[in-house]
Structures are given as C-alpha cells and as structure tokens.
Amino acid sequence: MTLNPTLHIQQVQITLNGERLLAIDRTIAPGEVLTVMGPSGSGKSTLLAYLAGFISPAFKAQGQIFLADTRLDTLPAEKRRLGLLFQDPLLFPHLSVGGNLHFGIPQHTANKQPKVAQALHQVGLAGYEERDPATLSGGQQARVALMRLLLSQPHAVLLDEPFSKLDMALRQEMRSLVFRQLRDAGLPALLVTHDHADADAAGGPIIELG
Amino acid sequence: MLRLAPTLLIALLVLPVGAGLLMVLLPAFGYLPALGGNTVSMAPWQSLFAQPGLGRSIAVSFASGLLSTLMALVVVVLFLAASRGTWLDRGIRRLVSPLLAIPHAAVAFGLAFLIAPSGLLARFLSPGLTGWERPPDWLIVNDAIGLTLMAGLVLKEVPFLLLMCLAALPQLQPDQRVMLSRSLGYAPSIAWLKSVFPALYPLIRLPVYAVIAYATSVVDMAMILGPTLPPTLSVSILSWFNDPDLNRRFMASAGAVLQLGVTLAALLTWWLGEQCVKRVSQGWLVNGARSTGSVAIAMGGRLLLATTTLLAISAIGGLVIFSVAGFWRFPDALPGTFTLDHWQRLLPSLATPLLNTLSVGLAATLIAAALVVAVLENEVRQRLPASRSQWLLYLPLIIPQAAFLFGLVVAAESINVRPQRTLVVAAHLLFVAPYLYLSLSEAYRRLDPRWLQVAHSLGASPWRAFWQVRLPLLLAPLLTACAVSLAVSIGQYLPTLLLGGGRVPTITTEAVAMASGGNRRLIAVLALLQALLPFIGFSLALLIPRLAWAKRRQMRGVA
C-alpha cells in the first residue's frame, strides 16, 4: 500500500476576531506522522477541526488543503475521507461492536463480514462482533475505534490526543499499535498532543504552536 | 428544505394567533360583515360592560391566575431549597412527575370529589370528628371567590414548574454553588436560596409567564371548580360565543379582547412584583445572615410539596373509588358495594371520543415532532446559536386561548372553512409544538457533537448520520417529548370544542360536558380515562427505549 496520496497543508492561517491563532505550511508523506504540540489554547484542536471540516464559524481560515490533487477544504466533512481518532473511543453506544465496524465500511464493499472478523482478529478481539461496546475495557474500546477508522479506508488520519485518557501501561501499547497500523497502511497522519512521549513514539517531524 | 423549517414552524404558530387576535379585535368594535356588522361601533363594549357581575368575573380571573401561580412557585422554590437529594426528596420528586401528565379536567374532578361537602374528606371525618349525619350545606366547590379553582390550579402548576426548574438546574451547577456557600457557613436551604435561585429564576421566567397566562384564562377547570354566578371571564366568553343569538358574538369578541387585557395586566403586575422583589432582596442576598429561617424552609418546603402531591394523588384515588362505587350512604368512608356497571355502561359510547382523542393527538404530535426535529437539526447543522426568535414559539402559550381561539374560528369561517377535525389538529399543533420544542431542545443541543463528527469522518452523509446516529441516540428524549405532546393534546378543551364546532367529541370535551350533569360515577369514569391515556403514552416512552436498548448498557445513561 504505497499508492496513498500525500497530504498538503498549504499556507493555512486561522484567525479569531482578527487575531492570528496559528499558521502552518506543511506536507505529510504517506506513512509519516506529523506531530503538532502546544499548550492548551494554542489552537491545535482548532487546526484539527479545520482539517476535518468541523471548524466553528467564529474562526476565519485561509489557505488550502490538498490530498494529492484533490482540494479538501471546499468539501464537506464526510467527503474528505480523513479518519478521526479522539481522546475517547466514541463507539456508538446503540450499535454492537460489529455494528460499529460495519458503520465505517464504505457501502459497496464486498465481503464486509470477513473484513470485520479479520479486523477484530488483528487486535486480539476475535469473535467480539455481537458484544455491547459498553462491556469492553477502555483498551479494547480504543482498539475497536482504531479498526473502525481503518475499515472506513481513509486517505489520511487525524489524531486528537488519542492516548491521553489511557492509563500508563495501556498507553505505551496503544501508541505502538496505532503507529504501526498507520505505517503499514501507509497513511499520512497528523497528531495533536501535549505529551512528548507521544511525539517520540510517532517518530515524525514536530511542530510547536503557541 | 431544512433551512425553511424554522420559518415554517414560526409561521404555523404565529399566523393563527395573529389571525385569531385580528378576528376578535374587529368584531369587538362591531365590524364583521358576515354577521351584518359593517360599521365600527362601541356597542359590543357597551353591552359587555352592562353584563351583571362582569367586575367580579374579571377579579376572579385576575386574582386566581396570579395567586395560584405565586403559591405554586413558592411551593416549588421552598421544596428545591429544602431538598438535599435524600431518598425522601427523590421519592417526592418521582411522585410529582406523573402528575404533570394528568389533564386539568381530571385533576379538577378529582379535587371536587375530594373536598365537596359530600366528598371523600368529609366522609372520612364524619361523623366522628364533625358529627355530620348528612352533607353540610356548604358551597366549597364553585365557591364565589374561586378558592377551589385556585387550589386546582396550584395542583397542576406545581408539577409543571418543578419539572421546568429541574430541567434548567443542571446548567447552573447547583451542587457546587451550595457547597461553596456552605463552606462559607450558610445553612443549606439559605445557601440554595441565595446562590442558586437568583440564577434560576431568569431561566424559568417564560414558563412562569405561560402559567400566569393559562391560569387567568383557563376554561375547563373553571367550569368544573370555578364560581358560577358569575363564572370567570373566560367561561362567560364561551357561553356568549355559543349563544344562539348571533349578535352576542360581537360582545363575546369584546370579552375576548378584555380577556387579553386581563391576562396582560396580570403579567404586568407579576413583572412589577419581580422588580420589587429584586430591589428588596438585594440587601437580603448580601446581608450575611446564614441560617435565619432555614429550619422553617427545610420543614415547610417538604411539607408543602408533599401535601400538594398527596392531595393530587388522593384526588385520583377518589376518582377510582367513585368510578366503581355502588350504593354509598353519606358518612360511610367507602361504598357499601362495588360495581363495574358505570364502566360497562359508558365504554361502548366512548369509542368515537376515544378514537378522536387518539387520532387528533397522534396527528398533532407527529406533525409537531417532524417540524421541531427539522428546526433543531437545521440549528445544529448551520451551527446557529439558539435563536432569538425562539420566544415566538411560546406565543400561543403566552396569549390566552380564550383571547384568540374565538377569532380563529371566525377567521376560518370567513375563508369558508367550517369547524372540522383538520382544524382541531391545527389548533392542537399550536399548543403541542411549543411543549415538544421545550422538552426536546435541551437534549438535542446537548448531544456530544463528536458523535456526529465521528460519523462524518467515517464517510456518513448528513442524512445517514441523522438517521443512524443522532435519532437512535436521542430516541429516549424524543419519545418523552412526544408523550408530553400527546398529553398536552389530550387535555385540550377549548380548541377541540371551538375548532371542531362541537362535532369532534373527545374524552376531554365529553368529560367537561358532563360537569353540570353531576353524575359523579360517570364523570369519574371519564376523568380516569382522560388521565389514563397520557399515562399510557409516558409508559411507552419509558418502555420502548428499554426494550430497544436491552443489550446496550450505555444507552440507559445517554439520555
């Protein structure tokens, strides 16, 4: 899987009430993780919301986002194909584990069932399809959330402090799992965090905001 | 399409109110060509003010509206100040909420049967405590100054105001405020009154105004509990409007305008009272007194709410006894024999009213739910802040029914639409939609936006995300809002009567029509049925999510 496109963040500037919050001009290659660090209030979550297409209208943004030749910043969120991983796993509580994974798979995909089974197997949760997400441990939920994201076949991935709510032992394990999966899938990724250990594990370039 | 929803909803609520007001205003000054009124004149007002007892009607409407609201608010505020979240407090609270669902007429009948000279209370106390061998000749129900009417209103207003407060409280973080004040040495109930209530009142002001507007102009409850010679203003207007002498319609219109004036005057009086209390309490808030009166509040608050709740529950219990009572001699506490005769006699004739009640209620609820959800969905998609035009939604709750519904009938007639079922549904929509909006909007806005963001980032279109993520997550609050709306519709008396032209009988109109007949056992059956229907709605609203999410643990906490 080396055919993935590169993510270009071209001269993006975000302002709030006329004040410049941040400016960034970067390119993220397939399989690379760009880490954006900064204290709270530095605008790193705003950057993520802007890239994903959820920015609040109070902010003014200029610049362009390209995925290979496709311009993203003019597309609605659901057409950008940027996968999101939050602090919380956010598994839909009304769906089963399998239902959550199915939700992510594009509609006209062949062999959905085996793909779901394979994904669960990959993270050590084989046979968990019918389980209620609420009965899973925090680490298990995080792994399901990761597989749901990968099954949706994103072209790039945005990570919003995805490890900050896990306990120490689990955090290390999830870091290596997430970054290995992203590298294997050859996806460009942008990680927002205030934890240096996250940045070290990501192993990519680092930008400091604020 | 979605963007039009807010305009559509507001138009649907504001236009009928506007048209109704216009069509009482014109005839009130003699202008209504359909009835031969081609010139502007003051004649309707002259004949209105020539009515005997008009002053008294106005006084009772004005006073019962204001006083009952004040009492209900005091009961609720004192209870909340006293409430510490103990099992007793939670128990009282839990008993109160179902009372909200019981229609006004049913509560009124229950109260009447409880406190009438030959009612349950007198029977329990006689002859032991009173020495009465037969009912005393006292006028308790329908008393001339409307005390019983006020009591009935309080019984219905307390649960409404309490639930409004409970819905608004979480955003104020009352526990933190009370804890902080307690750490400064304030007694808990004083801490609540000084640090939470001043912030709470602005949030419940609109519901309080709606209560005042309703209480000053209520028709069904006033027909059952209120004075008769003369009746309250709103009841008088209804009888003038229905008078075979069509010329009385002009006077009825003038009466409706007067009703609007009385309600506005009551609202203005309340507002002035608010300003006074604000002034006077400034000093009290910061005078440093930390426990003066706290014991009285702690005791009084619980006692008052418990009394109110018990009264309402015994009223409904009384209805049950009356509905199955056979032979029942006066001072006996319970009937000598029990029988299902009254149910069997009445039920076959109730098929049509039952069907009407349900079809009108369900139609109004479905339309209102679709509109309200469209408005809220548009709001979150456009990321609009809660809009300022929102208060327009509450217009049908602030303008008294008795002021504009008569005009609405005239307006419909003037474009050749006769009273019929469709109009009844449309009129119910006016009162159902605001309540549906009121009960759903908080849950809708508070849903974590990240659920939808995750869905979108996984490639789900806005509509797919709506059907597969938002609606399932909001199933429980949506069903509750629908149950509220159904209960509101079931309880409507005046809109059903007027816009249906008397030809769309519902359980409520049948029950109120029986009020003057006086067969308590049959009335009890009807009132119970009336109370039962909303209850079924609320039970389903609780049950369906439980069944649907039986295997989803977190779904029991989401809403």
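Two strands count as paired when DSSP finds at least two bridges between them. In this predicted model, strand S3 (residues 33-37) of chain A and S9(A) clear that bar, pairing in the parallel sense over 3 bridges. Chain B is another story: 26 helices and 0 strands. Here's a quick tour of chain A's strands, then chain B and the place where the two chains touch.

**The open sheet in chain A**
- S3(A) and S9(A) belong to an open sheet of 5 strands, ordered S6-S7-S8-S3-S9, with parallel pairing.
- The edges are strand S6 (82-85) and strand S9 (206-208) of chain A, each of which pairs on one side only.
- From one strand to the next, the twist averages 15°.
- For a residue-level view of the S3/S9 pairing, look at Thr35(A), whose bridge partner in S9(A) is Ile206(A).
- Helix H1 (residues 44-52) of chain A packs on this sheet, touching S3, S6, strand S7 (156-160) and strand S8 (189-193) of chain A. The direction of H1(A) makes about 150° with that of S7(A).

**The hairpin in chain A**
- Strand S1 (residues 7-16) and strand S2 (residues 19-28) of chain A pair in the antiparallel sense, over 8 bridges.
- One of the matched pairs is His8(A) with its bridge partner Thr27(A) in S2(A).
- S1(A) and S2(A) make a hairpin with 2 residues between them. Asn17(A), in the turn, has a positive phi of about 50°.

**Chain B overall**
- Chain B has a radius of gyration of 25 Å, which agrees with the value near 24 Å that a compact globule of 559 residues would have.
- Along its principal axes, the C-alpha trace of chain B spans about 65 × 65 × 55 Å.
- Buried residues account for 49% of the 559 in chain B.
- Take the contacts in chain B between residues at least 6 apart in sequence: 80% of them join residues at least 24 apart.

**The core of chain B**
- The largest nonpolar core has 233 residues, and the ones touching the most other members are Val76(B), Val372(B), Ala433(B), Leu436(B) and Ala527(B).
- Helix H19 (residues 421-446) of chain B gives the most to this core, with 16 residues.
- Val372(B) is a handy place to zoom in: neighbours within four places in sequence aside, Val372(B) is in contact with Ala433(B), Leu436(B), Tyr437(B) and Leu440(B).
- As a rule, nonpolar side chains tend to be buried together in soluble globular proteins.

**A close look at Leu497(B)**
- Leu497(B) sits in helix H23 (residues 494-499) of chain B.
- Leu497(B) counts as buried because 24 other C-beta atoms lie within 10 Å, and the cut-off is 20 or more.
- Setting aside neighbours within four places in sequence, Leu497(B) is in contact with Gly502(B) and Thr509(B).
- Thr509(B) is 12 residues from Leu497(B) along the chain, with their C-alpha atoms separated by 6.7 Å.

**Where the chains touch**
- On the chain B side, 21 residues are in contact with 23 residues of chain A.
- The chain B elements giving two or more residues to that side are helix H20 (449-457), helix H21 (462-473) and helix H26 (555-558).
- H20(B) gives the most, with 6 residues.
- By class, the chain B side has 10 nonpolar, 6 polar and 5 charged residues.

Conventions:
Residues are numbered from 1 along each chain as its sequence is written. Chains are lettered from A and ligands numbered from 1 in the order in which they are written. This is a predicted model: local features need pLDDT of at least 70, side-chain atom pairs count only at pLDDT 80 or more; totals for chains, interfaces and linings use all residues. Helices (H or I, at least four residues) and strands (E, at least two) are DSSP runs, numbered from the N terminus. The radius of gyration is taken over C-alpha atoms; the globule rule is 2.2 Å times the number of residues to the power 0.38. A residue is buried if 20 or more other C-beta atoms lie within 10 Å of its own, exposed if 12 or fewer, and partly exposed in between; C-beta atoms are placed from the backbone. Two residues are in contact if their C-beta atoms, placed from the backbone, lie within 7 Å. Ala, Val, Leu, Ile, Met, Phe, Trp, Tyr, Cys and Pro count as nonpolar, Asp, Glu, Lys and Arg as charged, and the others, Gly among them, as polar. A nonpolar core is a set of buried Ala, Val, Leu, Ile, Met, Phe, Trp, Tyr and Cys residues joined through C-beta atoms within 7 Å. Axes are lines fitted to C-alpha atoms, for helices over the stretch in contact, and angles run from 0 to 180 degrees between N-to-C directions.
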